[in-house]
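Here's a quick briefing to go with the model you're about to open. Have the viewer handy and follow along.

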Amino acid sequence: MTLTKVKKLVFIPLVLVFIIVFPMLIDFYSDWLWFKEVGYQSVFFKTLTAKLAIGIITFLLVTLFSFLTLHFTLKIKGPVTINQDNVIDLSAKKNVRTALIAFPSLLLGIFAGVLASTALWENILLFINQVPFGIVDPIFNRDLSFYFFNLSLFETLYALAMLFLFVIALLNFILTLFLQGIKNNPLKTAVYRLSYFAIVFFVLLIIGYQLKAANLLFSTRGAVYGAGYTDLRITLPYYYVASGVSLISAVLIFIGMRKKNIKMLALGPICLVLIVLLGGTAQTLVQNFIVTPNELNKESEYIAHNITMTNRAFGLDKIERIEFPAAANLTINDLEDAQETIDNIRINDFRPARTIFNQLQSMRPYYDFYDVDVDRYKINGKTTQVFLSAREINQKNIPAQGQNWVNKYLNYTHGYGVVVAPVNQVTPQGQPTLIVKDIPPVSQIPEFQLTRPEIYFGELTNDYVVVNTTEKEFDYPIGNDNAETTYEGTAGIPLRGINKLVFALNQGSTKLVVSGAFTKDSKIILHRNILERVQKIAPFLTYDDDPYLVINEGKLYWIIDAYTLSDKYPYSEPISDQKYQGINYIRNSVKVVIDAYNGTVDYYIADKEDPIVLSYAKIFPSLFKPLEEMPQGLREHLRYPVDILNLQTLVFQNYHMTNPGVFYNREDAWSIAKENYHGNIQPMEPYYINMKLPHSDKVEFLLMRPFTPVNKDNMIAWLAARNDGDKYGQLILFQFPKQKLVYGPMQIESRINQDSTISKDLALWNQQGSKVLRGNMMVIPIKDSLLYVEPLYIQADNPNSLPEVKRIIVAYEDIIVMEETLEEALYQIFKDKKSETPSETPSGELSLKILTRQAREIYEKAKSAAQAGNWALYGEALNQLEDILTQLESQVNEGDVAENTETSN
């Protein structure tokens with residue numbers, strides 16, 4: 001090897017390192033400025049110092065080990081010579097030999113340091129700051145923190161050690177084979193040198209087998225997930241024996257090297273191979289011929305472990321179970337008692353609502369209602385469920401002639417305002433009734449008055465903007481003109497001095513350097529997409545991809561549910577959900593709040609019993625806040641996440657069975673209830689509803705989902721998650737009588753299709769240049785009974801048509817009706833179902849509507865009787881009308897008394 005080649009070998013990689021490192025330095029500086037701006041520089045530095053410490057330690061260890069082994073390999077005795085071809089004898093030029101040893105060692109050390117710092121920093125910090133679970137596994141009696149925090153670290157360290165050992169051994173083998181080829185028998189020398197690495201390999205193998213033993217609690221071999229009969233009776237002893245043989249192999253190799261005895265060198269590895277073959281054969285034979293023929297008997301104990309641990313892992317072990325009679329005795333009086341529940345029955349659907357919002361309220365082509373959120377607010381003193389959607393700017397929809405740098409980054413910087421619509425109200429045209437609308441936002445309801453409607457941080461704010469420039473920002477349209485504004489918030493990094501050059505390189509835009517629009521007050525606002533923003537600060541949490549908007553004290557805030565999850569909960573069955581594939585533990589441990597104007601981000605711990613988030617809180621004490629510090633106006637809008645209940649119900653389909661025998665045979669397996677939504681048969685999604693729980697006198701905001709027996713359509717139960725106050729997170733399972741038929745949503749759908757009147761109307765509407773869209777089926781528990789409600793939409797067959805609520809279908813027991821309004825449908829069902837107690841007179845808004853409707857019908861009946869000359873029927877109708885008017889007078893008088901009492905109080 002020539003000196004020139006050696007110099008090139010050193011210089012070229014240095015240039016490559018500079019090309020790689022310089023952009024990293026730019027990113028590092030810009031990240032530091034951003035973390036400083038958002039107030040989380042301590043998180044940035046804690047992560048950075050952990051990575052640096054781990055990287056440096058790994059670099060030193062790997063470099064030293066590689067250097068020493070290569071030095072030993074290249075230590076060749078011989079004369080100092082340089083031949084006529086200027087080729088250097090490695091024994092002659094110590095500086096060249098040192099370079100050939102040091103250079104690959106340094107490269108390998110750098111690679112190892114970068115890899116280890118990336119792979120280990122989080123595991124090591126969690127290991128140091130771990131919080132115990134207080135629960136032990138049923139086999140080894142270890143606290144579960146071992147599997148969450150220790151095992152993952154040990155497995156990563158083991159994998160890295162094996163990788164670096166292999167690379168260093170391979171490098172030594174190559175250099176021994178080719179650079180010491182001047183000696184006799186180079187292959188023999190190379191193999192001899194590898195024996196040293198074999199000793200280390202077998203020592204590491206002992207650790208590997210112990211890790212495998214711990215991982216038996218995640219075995220997939222038996223009847224259920226987790227260690228089974230074969231795992232504990234055969235595999236575990238096999239791992240212990242293999243560990244002992246590995247230790248003996250390391251000792252025999254060392255002795256064989258000293259004595260240069262090839263047979264002794266080979267004896268240990270041969271024994272280990274035999275043990276592996278015997279162990280594998282024994283496992284197969286026992287599983288197939290002892291366990292499988294008598295699986296329930298052999299695995300029953302381990303099935304019980306699986307059931308218990310899976311329920312704990314998914315928070316299903318604290319479910320309150322209540323028997324729900326599903327009675328058929330609902331009356332008008334019961335409906336009056338459940339007036340707030342009926343007032344909040346959702347007859348709008350958020351998917352058609354989004355289409356309507358975009359067509360009626362976007363105002364300009366670049367405004368977009370990206371998502372529609374469901375929440376509850378106090379309106380006129382009553383808890384009301386509403387749809388709420390943010391009007392954001394979608395820069396992709398700016399007209400082509402306006403797609404320039406100034407417009408994109410300086411002018412069109414923010415969205416503006418929201419629309420709000422109660423879920424239970426529609427206009428005469430069948431569209432949502434908007435109680436917050438237009439630009440600027442208009443509302444007569446104090447709770448929805450906005451003083452800061454600008455949205456600088458949202459779901460569509462995917463790029464940076466520069467504010468406080470000489471260019472005025474577009475605020476909102478006024479007829480053919482535009483209102484303009486200047487940003488007054490706290491977000492942004494000053495664009496002064498070196499910052500311009502740094503961010504020009506960071507964002508790949510020379511405009512950030514050469515633009516003349518910047519002033520001394522100009523700021524660049526980065527990471528404005530709220531999901532990107534929170535992931536940048538705390539990447540170790542998993543975030544719900546459906547943030548929701550909240551109005552509080554005139555300002556707009558986003559709330560994002562953040563999860564801690566793992567696949568290391570012993571015996572817990574991994575989930576098969578596409579989004580959370582393979583995880584077997586999840587908690588909604590953190591609620592994240594983002595100010596839509598200032599971009600401030602606050603992380604609140606919502607689950608004080610989750611050891612994972614408590615461990616992160618020890619690592620980053622300045623990052624997390626107790627939930628009690630969240631403003632009360634925001635706490636009132638916390639929601640139980642749909643994603644969590646979705647996973648819990650998927651697991652609970654089987655894991656409500658706690659008897660191992662019943663579970664093994666799936667004797668009582670459930671399925672998620674299905675519905676016909678827009679013509680597609682699909683599992684019902686969890687849905688929010690305002691309602692009174694049975695035997696409760698207070699309306700609550702619930703998230704619920706119904707179940708049916710597997711492969712059947714009758715309903716067997718429904719699971720509800722509470723959302724309000726100190727009841728937040730509590731799960732209640734209402735189980736229906738198994739000896740009684742309780743209609744499931746698909747059975748109601750079938751009966752709708754079989755109803756001659758309804759099916760005739762549906763066929764007619766589908767043939768008149770329009771299509772019928774069937775909305776979500778709502779199962780509404782009222783007292784001890786169930787109502788089924790499904791809205792029908794009509795949409796014309798043209799691209800610009802709006803879906804309209806055409807009819808409401810209501811089912812109760814064997815009665816199905818379809819009317820224009822929910823009240824009319826309820827009237828048709830319950831007009832003859834009065835209380836059996838004579839003293840109980842219906843009172844309330846619903847009964848007024850029903851009595852008014854009855855009065856109209858009796859009036860028409862009397863009118864027809866008079867025209868026909870049937871005076872007996874006419875007199876009967878008058879008596880009925882008198883009775884109805886008496887009830888109406890009583891209602892009005894009761895209402896006046898109640899109003900006067902409330903006023904005096």
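What follows runs from the whole chain down to single residues.

This is a predicted model, so read every value below as computed from predicted coordinates. The protein chain carries 24 helices and 31 strands, and 53% of its 905 residues count as buried.

**The chain as a whole**

- Along its principal axes, the C-alpha trace of the protein chain spans about 135 × 80 × 55 Å.
- The accessible surface of the protein chain adds up to about 41900 Å², and 56% of that belongs to carbon and sulfur atoms.
- On the charge side, the protein chain has 82 positive and 93 negative side chains, with the centres of the two sets 16 Å apart.
- Take the contacts in the protein chain between residues at least 6 apart in sequence: 66% of them join residues at least 24 apart.

**Strand β24 and its partners**

- Strand β24 covers residues 699-709, and 11 of its 11 residues are buried.
- In a regular strand the side chains alternate between the two faces of the sheet.
- In β24, V699, F701, L703, R705, F707 and P709 point one way, while E700, L702, M704, P706 and T708 point the other way. Both sets are buried, with R705 and E700 among them.
- Strand β20 (residues 670-672) is joined to β24 by three bridges and runs antiparallel to it; here W670 stands opposite P709.
- Strand β23 (residues 687-692) pairs with β24 in the antiparallel sense over six bridges, and Y688 stands opposite L703.
- β23 and β24 form a hairpin with six residues between them, and H695 in the turn has a positive phi of about 65°.
- Strand β25 (residues 717-722) is antiparallel to β24 as well, with six bridges joining the two; P706 stands opposite W718.

**N690, a residue to click on**

- N690 is found in strand β23. Is N690 buried or exposed? Its relative accessibility is 0%, so N690 counts as buried.
- Not counting residues up to four places away in sequence, N690 touches E340, T341, N344, R376, T383, T384, Q385, V699, E700 and F701. Of these contacts, V699, E700 and F701 belong to β24, R376 falls within β3 (373-379), and T383, T384 and Q385 fall within β4 (residues 382-390).
- N690 and R346 are 344 residues apart in sequence, yet their C-alpha atoms are 9.3 Å apart in space.

**Two open sheets of three strands**

- One open sheet has the order β3-β4-β7, with antiparallel pairing. Its edges are β3 (373-379) and β7 (418-422); each has a single partner strand, so one side of each is left without a neighbour in the sheet. From one strand to the next, the twist averages 40°.
- Seven bridges join β3 to β4, and the two run antiparallel. D373 stands opposite L388 in β4.
- Helix α11 (residues 350-361) lies across β4 and β7, and runs at about 60° to β4.
- The other open sheet has the order β9-β13-β12, again with antiparallel pairing. Why do β9 and β12 count as edges? β9 (465-467) and β12 (493-494) each have a single partner strand, so one side of each has no neighbour in the sheet.
- Two bridges join β12 to β13 (residues 523-525), running antiparallel, and I493 stands opposite I524.

**Backbone spots to check**

- Most residues other than glycine have a negative phi, and most peptide bonds are trans.
- M363 is not a glycine, yet has a positive phi of about 70°. M363 sits in the loop between α11 and β2 (367-368), and at 41% relative accessibility it counts as partly exposed.
- N711 is another non-glycine residue with a positive phi, about 65°. The loop between β24 and β25 holds N711, which is exposed with a relative accessible area of 77%.
- The peptide bond from I439 to P440 is cis, with omega near -10°; P440 is found in the loop between β7 and β8 (454-455).
- G508 takes a positive phi of about 65° just after helix α13. Within α13 (residues 498-507), the buried residues include N499, V502, F503 and A504.

Note on methods. Residues numbered from 1 in each chain as written. Heavy atoms only, no water. Pairing = 2+ DSSP bridges. Helix = DSSP H or I, 4+ residues; strand = E, 2+ residues; numbered from the N terminus. Axes fitted to C-alpha atoms, helices over the stretch in contact; angles between N-to-C directions. Contact = heavy atoms within 4.5 Å. Buried < 20%, exposed > 50% of the residue type's maximum accessible area, 1.4 Å probe, protein only. Areas by Shrake-Rupley, 256 points an atom, 1.4 Å probe, with all protein chains shown as cover. Lys, Arg positive; Asp, Glu negative; His and termini not counted. Charge placed at Lys NZ, Arg CZ, Asp CG, Glu CD.
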